[in-house]
Amino acid sequence: MRRRRRPVFLGLGAPDEFPDPRSADEHGLLAVGGDLSIERLLAAYSRGIFPWYDLGLPPLWWSPDPRTIMTPESLHVSTSMRRVLRRSAFTLSANTAFGAVIRACADREGGTWILPEMIDAYTLLHEAGYAHSIEVWSGASLVGGLYGVQIGALFAAESMFHRASNASKLVLIQTVRMLFSAGIELFDVQFPTAHLASLGAFPISRREYLFRAQNAARRPLHLALPA
């Protein structure tokens with residue numbers, strides 16, 4: 001009988017290290033506990049691991065199999081979205097409203113995994129240059145956005161929101177185009193959803209993802225994005 005894998009417990013003050021991501025359980029859960037320090041988050045993302053948990057739980061660290069990514073070649077832009085992109089009154093910016101974007105992503109009906117301590121942790125990552133936001137504006141109003149973590153040529157998209165029709169599709173399409181043009185080699189969206197699949201996201205095995213992620217994370221890249 002195959003032995004069931006159990007997540008590893010990380011105590012407070014434990015070294016910023018993780019077990020082999022391939023040892024995650026059948027759901028992708030690898031470890032429980034630890035903290036959300038910059039050092040631990042960078043160690044996690046560079047090894048293909050990310051935190052995702054609910055209120056009242058300790059940090060849960062995941063490395064699912066399969067993993068979902070996007071590429072410029074896989075990007076699907078429908079005819080109607082091509083018209084939106086050509087005629088859109090929306091404007092985009094980068095890293096001008098990170099705090100507003102992550103708080104808007106957290107403002108979801110039915111609860112959210114983007115807890116106050118995660119907002120604080122990713123804001124520190126942003127201030128250190130490792131987390132970025134892309135904003136969608138209608139005039140002076142923020143109507144959509146996306147944020148994620150960048151290490152080298154790896155970008156892990158964390159969440160996005162919209163307050164206007166097509167804003168979430170627009171921000172994802174334009175972010176993929178913008179980041180690959182700027183030198184990103186791997187664009188991770190973690191878990192599959194019907195919305196992501198409709199825009200060209202596709203699964204790859206965890207083994208392939210880890211190989212790509214570790215190579216991309218090691219490549220030095222100063223991500224210059226337009227304001």
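What follows is a walk through this predicted model, from its strands to its helices and then to a few individual residues. Because the model is predicted, local features need pLDDT of at least 70 and side-chain atom pairs count only at pLDDT 80 or more, while totals for chains, interfaces and linings use all residues. Residues are numbered from 1 along each chain as its sequence is written, and side-chain values use heavy atoms, with hydrogens and water left out.

Let's begin with a sheet. Helices (H or I, at least four residues) and strands (E, at least two) are DSSP runs numbered from the N terminus, and two strands pair if DSSP finds at least two bridges between them. On that basis, four strands make an open sheet in the order β1-β2-β4-β3, with mixed pairing. At its edges stand β1 (8-10) and β3 (50-51); each has a single partner strand, so one side of each is left without a neighbour in the sheet. Elsewhere in the sheet, β2 (residues 29-33) and β4 (residues 60-62) are antiparallel and share three bridges, with A31 having W61 as its bridge partner in β4. As background, strands of a sheet pair through backbone hydrogen bonds, either parallel or antiparallel.

Past β4, in the loop between β4 and β5, you come to P66. The peptide bond leading into P66 from D65 is cis, with omega near 5 degrees. That's worth a glance, because most peptide bonds are trans.

Next up is β10 (residues 186-190), where five of five residues are buried. Buried here means under 20% relative accessible area, with exposed over 50% and partly exposed in between (1.4 Å probe, protein chains only). L186, D188 and Q190 point one way from β10, F187 and V189 point the other way, and all are buried. This strand pairs with β5 and with β9: β5 and β10 run antiparallel and are joined by three bridges, whereas β9 and β10 are parallel, also over three bridges. If you'd like landmarks, look for I69 opposite D188 in β10 and F155 opposite F187 in β10.

T68 gives a good view from β5 (residues 67-70). At 2% relative accessibility, T68 is buried. Contact means heavy atoms within 4.5 Å, and, not counting residues up to four places away in sequence, T68 touches D188, V189, Q190, F191, P192, A201, F202 and P203. One of those, Q190, has a phi near 70 degrees, a positive value in a residue other than glycine. Q190 is also buried, at 8% relative accessibility. N95 has a positive phi too, about 60 degrees, although N95 is not a glycine. N95 sits in the loop between β6 (91-94) and α3 and is partly exposed, with a relative accessible area of 30%.

Now for the helices. α5 (residues 167-181) has 15 residues and reaches 21 Å from its first C-alpha to its last, close to the 21 Å expected at 1.5 Å a residue; the expected span is 1.5 Å times one less than the number of residues. Of its 15 residues, 11 are buried, among them L170, I173 and F180. After α5 comes G183, whose phi is positive, near 115 degrees.

α5 packs against α2 (residues 79-87) at an angle of about 80 degrees, with their axes 11 Å apart. Axes are lines fitted to C-alpha atoms, for helices over the stretch in contact, and angles run from 0 to 180 degrees between N-to-C directions. The two helices, α2 and α5, are therefore roughly perpendicular (65 to 115 degrees; under 35 is roughly parallel, over 145 roughly antiparallel, and the rest oblique). M81, V84 and L85 of α2 meet K169, L170, I173, Q174 and R177 of α5.

Two loop residues round off the tour. W113, between α3 (98-106) and α4 (116-127), is buried at 16% relative accessible area. W113 and W52 are 61 residues apart in sequence, yet 6.5 Å apart C-alpha to C-alpha. G152 lies in the loop between β8 (141-151) and β9 (154-162) and is buried at 13%. Leaving aside neighbours within four places in sequence, G152 is in contact with I184, A216, A217, R219 and L221. The C-alpha atoms of G152 and H222 are 7.5 Å apart, with their positions 70 residues apart along the chain.
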